[in-house]
Amino acid sequence: MKKIIFFILTAGSVCTYAQDISKERILDIVSTLASDEMKGRKFGTPENDKAAEYIAAEYKKNNLEYCYGDSYMIPFEYKGQKGYNVCGVKKGKSPESLAFSAHFDHIGTNQKEGDNIYNGADDDASGVATVIGLADYFKDKKTDFSMVFMAFNAEEIGLIGSKALADNQNLNPVFNNIRALFNFEMLATESQFGKNAVFMTGDEFSDFDELINANAANGLKVYPDPYQGQHLFYRSDNVNFVKKKIIAHSISTVDMNKATHYHGVNDDMSIVEADNLTNIINNFAKTIEKLNAGNFQPKYNDKVRYDF
Ligand SMILES: [Zn+2]
């Protein structure tokens with residue numbers, strides 16, 4: 001009897017969880033990017049290049065195609081310094097695409113005694129782990145939508161990397177097919193709405209959140225942005241795609257009323273709530289898996305502005 005029960009439990013868990021992204025995998029991605037060796041991943045540093053190379057290697061493991069040319073790493077220059085955005089594509093049954101993005105740069109180090117490294121575990125290694133986790137999840141699946149995976153550089157100095165990528169004419173064939181962009185920004189801590197919950201910036205401008213909630217797996221819930229006064233919709237990388245009239249929102253869990261780690265040296269592995277982060281990533285993956293052109297064609301209403 002014991003053996004039978006053991007078999008049933010094992011078989012059950014294999015069926016339920018075999019395709020899930022593990023907490024260990026997510027922790028590995030976040031801790032690699034947030035390690036002291038990465039020295040805060042500031043744009044223009046060798047460690048920033050190293051972070052881009054790491055992400056490109058993960059794209060390769062997931063058999064993504066290049067967005068164009070012969071590399072995932074797409075160079076750009078800002079004030080005489082060179083850096084890279086990282087872009088990969090997975091073909092689906094339709095060329096219509098969903099895009100997933102996060103920024104991998106952070107703010108470097110300071111000159112003070114003691115811990116002087118801005119590890120940026122939450123901001124935004126957690127978002128990059130979400131993007132790579134989604135690539136992991138869909139590696140061997142054939143989806144209806146094609147998928148674009150982007151890691152932006154130079155967000156912290158003014159959304160520079162995402163602008164360079166959005167303005168890159170070589171990418172027009174990719175961007176012209178994007179129906180919605182999910183920009184993941186700081187998901188390592190529990191939201192003010194509790195676990196398995198996120199908020200979305202610019203919820204008042206489109207039906208993106210309603211459509212996600214209608215298809216949400218395992219109780220995942222997208223809440224409206226509770227920090228309206230901060231105009232986060234216009235202050236994150238998504239905005240460079242809004243200018244192209246692409247549906248593009250940022251998704252986050254950060255509790256702006258309570259967070260003490262924002263741009264602090266304490267934004268390190270100690271604040272990462274890995275169970276909740278992993279659960280959210282898996283539930284987004286399972287939600288996205290259900291989406292197709294029939295049930296997901298989000299549109300902007302006339303409140304949104306494209307000229308800013
Ligand atoms: Zn950020």
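**One face of α7, and the packing around the nonpolar core**

Helix α7 offers a convenient way into this predicted model, for its face turned away from the buried side carries two exposed residues, E210 and A214. The buried residues of this helix, which spans residues 208-215, are F208, D209, L211 and I212. Viewed down the axis of α7, these buried residues fall within an arc of 165°, so they line one face of the helix. Their cover includes four strands, namely β6 (178-184), β7 (197-200), β8 (221-224) and β9 (248-252), together with helix α9 (274-289).

Attention turns next to the nonpolar core. The largest such core comprises 79 residues, and the members that touch the most others are V30, L33, I55, V128, V131, F149 and A151. Helix α4, covering residues 121-138, gives the most to this core, with 10 residues. The surroundings of V128 illustrate how distant parts of the sequence come together here: beyond its neighbours within four places in sequence, V128 is in contact with I29, L33, I55, A102, F104 and A151.

Helix α2 (residues 23-33) can be followed in a similar way. Its buried residues are I26, I29, V30 and L33. They cover an arc of only 90° around the axis, which puts them on the same side of α2. The partners against which these buried residues pack are α3 (46-61), α4 and α9.

Two of those partners also meet each other. The axes of α4 and α9 lie 10 Å apart and form an angle of about 45°. Angles between 35 and 65 degrees count as oblique, and α4 and α9 are therefore oblique to each other. Their crossing is right-handed. On the α4 side, the contact is made by S126, T130, G133, L134 and Y137, while α9 brings L277, I281, F284 and A285 to it.

A last stop is C87, a residue of strand β3 (residues 81-90). With 29 other C-beta atoms within 10 Å, C87 is buried, the cut-off for this being 20 or more. Setting aside residues up to four places away in sequence, C87 touches C67, Y72, I74, M150 and L165. A56 provides a further point of reference: C87 and A56 are separated by 31 residues in sequence, yet their C-alpha atoms are 8.0 Å apart in space.

Methods:
Residues are numbered from 1 along each chain as its sequence is written. This is a predicted model: local features need pLDDT of at least 70, side-chain atom pairs count only at pLDDT 80 or more; totals for chains, interfaces and linings use all residues. A nonpolar core is a set of buried Ala, Val, Leu, Ile, Met, Phe, Trp, Tyr and Cys residues joined through C-beta atoms within 7 Å. A residue is buried if 20 or more other C-beta atoms lie within 10 Å of its own, exposed if 12 or fewer, and partly exposed in between; C-beta atoms are placed from the backbone. Two residues are in contact if their C-beta atoms, placed from the backbone, lie within 7 Å. The arc is that of the directions from the helix axis to the C-beta atoms. Axes are lines fitted to C-alpha atoms, for helices over the stretch in contact, and angles run from 0 to 180 degrees between N-to-C directions. Angles under 35 degrees count as roughly parallel, over 145 as roughly antiparallel, 65 to 115 as roughly perpendicular and the rest as oblique. A crossing is left-handed if the near helix is turned anticlockwise from the far one by less than a right angle, and right-handed if clockwise.
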